[in-house]
Amino acid sequence: MSQGLTVGAANRGWRPLVVAIDGPSGSGKSSTARAVARRLGLAFLDTGAMYRAVTWLALHEDVDLSDSVAVARLLASARLDVVTDPDEPTIAINGHDVTAAIRDPDVSAAVSSVATNLEVRADLIARQRAVIAAADGIVAEGRDITTVVAPDAQVRVLLVADPAARVARRHAELGERVDAEAVTDQVIRRDRDDSSVAEFESAAPGVHVVDSTSLSLEKVIETICAFVPIRALGDRRDRRG
């Protein structure tokens, strides 16, 4: 996906558009962020996939996830390659394409151990900021994007939904691979665990709250795109739909 853009004299004050989307598990962050990125012609970053990739590597290398120092050391020497094309986002770690593997139930069950590792978070936040800074406009989604990773984003959104809707969505996504009880545990427990290190349950000042419980995906996309001021699109035409 080409992200090239020529900025003329009239746009010297312009900076690449960053849309930051936070929210709990099952709120629709990933599908919404990808669709918004497509709509606006921006790159897409799923920061949760980065935590999942580290989790996959630790499991693959038989590193004890409860050993926070060992996991942080593993990441420190790891290469993460993230493709930010919203039509085909991929992630590889140490040369292994793990785009599909990080969605396996064993990774989903273990990722909170990595996501609550403060040394890992510091490392990945630095890498996420680097990806955002290198992009010519991006939609980034995760747990603490609006408050920690990209607090200066032009558009910041907290996407929420009631717990029953979030569990149902995640179960539909995983299908028969995981039973309903395990999905509920993953969604509710992970939110509880992750909330100890990231704020994604209440909106910081200036963050728009969008409740997706009873909204279609298209309506959520339209709502978020409407928050984008035309001037923030730079020389791009207004694609907000």
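**Figure 1. Overall view of the protein chain in the predicted model.** Residues 24 or more positions apart make up 75% of the contacts with a separation of 6 or more in the protein chain. The protein chain contains nine helices and eight strands. It has 241 residues, and 48% of them count as buried. The exposed area of the protein chain is about 10900 Å², of which carbon and sulfur atoms supply 51%.

**Figure 2. The open sheet of five strands.** The strand order is 2-6-1-7-8, with parallel pairing. Strand 2 and strand 8 (208–211) are the edge strands, each pairing on one side only. On average, neighbouring strands of this sheet are turned by 20° against each other, direction ignored.

**Figure 3. Strand 6 and the strands paired with it, strand 1 and strand 2.** Strand 6 covers residues 138–142, and five of its five residues are buried. In a regular strand, side chains alternate between the two faces of the sheet. Here Ile138, Ala140 and Gly142 point one way from strand 6, while Val139 and Glu141 point the other way. Residues on both sides are buried, Glu141 included. Strand 1 (residues 18–22) runs parallel to strand 6 and is joined to it by five bridges. Along this pair, valine 18 faces isoleucine 138 of strand 6, and isoleucine 21 stands opposite glutamate 141 of strand 6. Strand 2 (residues 43–46) also pairs with strand 6 in the parallel sense, over four bridges. In that pairing, leucine 45 is opposite alanine 140 of strand 6.

**Figure 4. Helix 1 and helix 9 against strands of the model.** Helix 1 (residues 29–40) lies across strand 1, strand 2, strand 6 and strand 7 (155–160). The angle between helix 1 and strand 6 is about 175°. Helix 9 (residues 217–225) lies across strand 1, strand 7 and strand 8. With strand 8, helix 9 makes an angle of about 170°.

**Figure 5. The largest nonpolar core and a second, separate core.** The largest nonpolar core has 41 residues. Tyr51, Leu80, Ile91, Ile93, Val120, Leu124 and Ile132 have the most contacts inside this core. Helix 2 (residues 47–60) gives the most to the core, with eight residues. The second core, separate from the largest, has 20 residues, including Leu17, Leu159, Ile221 and Cys225.

**Figure 6. Surroundings of valine 120.** Leaving aside residues up to four places away in sequence, valine 120 touches Tyr51, Val71, Ala72, Leu75 and Val114. Both Val120 and Tyr51 are among the residues with the most contacts inside the largest nonpolar core.

**Figure 7. The crossing of helix 2 and helix 4.** The axes of helix 2 and helix 4 (residues 105–115) come within 8 Å and cross at roughly 105°. Helix 2 is therefore roughly perpendicular to helix 4. On the side of helix 2, the contact is made by Tyr51, Arg52, Val54, Thr55, Trp56 and Leu59. Helix 4 contributes Asp106, Val107, Ser108, Ala110, Val111, Val114 and Ala115 to the contact. Two of the residues in this contact, Tyr51 and Val114, also touch valine 120.

Terms used. Residues numbered from 1 in each chain as written. Predicted model: local features only at pLDDT ≥ 70, side-chain atom pairs only at ≥ 80, totals over all residues. Heavy atoms only, no water. Buried < 20%, exposed > 50% of the residue type's maximum accessible area, 1.4 Å probe, protein only. Contact = heavy atoms within 4.5 Å. Areas by Shrake-Rupley, 256 points an atom, 1.4 Å probe, with all protein chains shown as cover. Pairing = 2+ DSSP bridges. Core = buried A, V, L, I, M, F, W, Y, C linked by side-chain atoms within 4.5 Å. Axes fitted to C-alpha atoms, helices over the stretch in contact; angles between N-to-C directions. Parallel < 35°, antiparallel > 145°, perpendicular 65-115°, else oblique.
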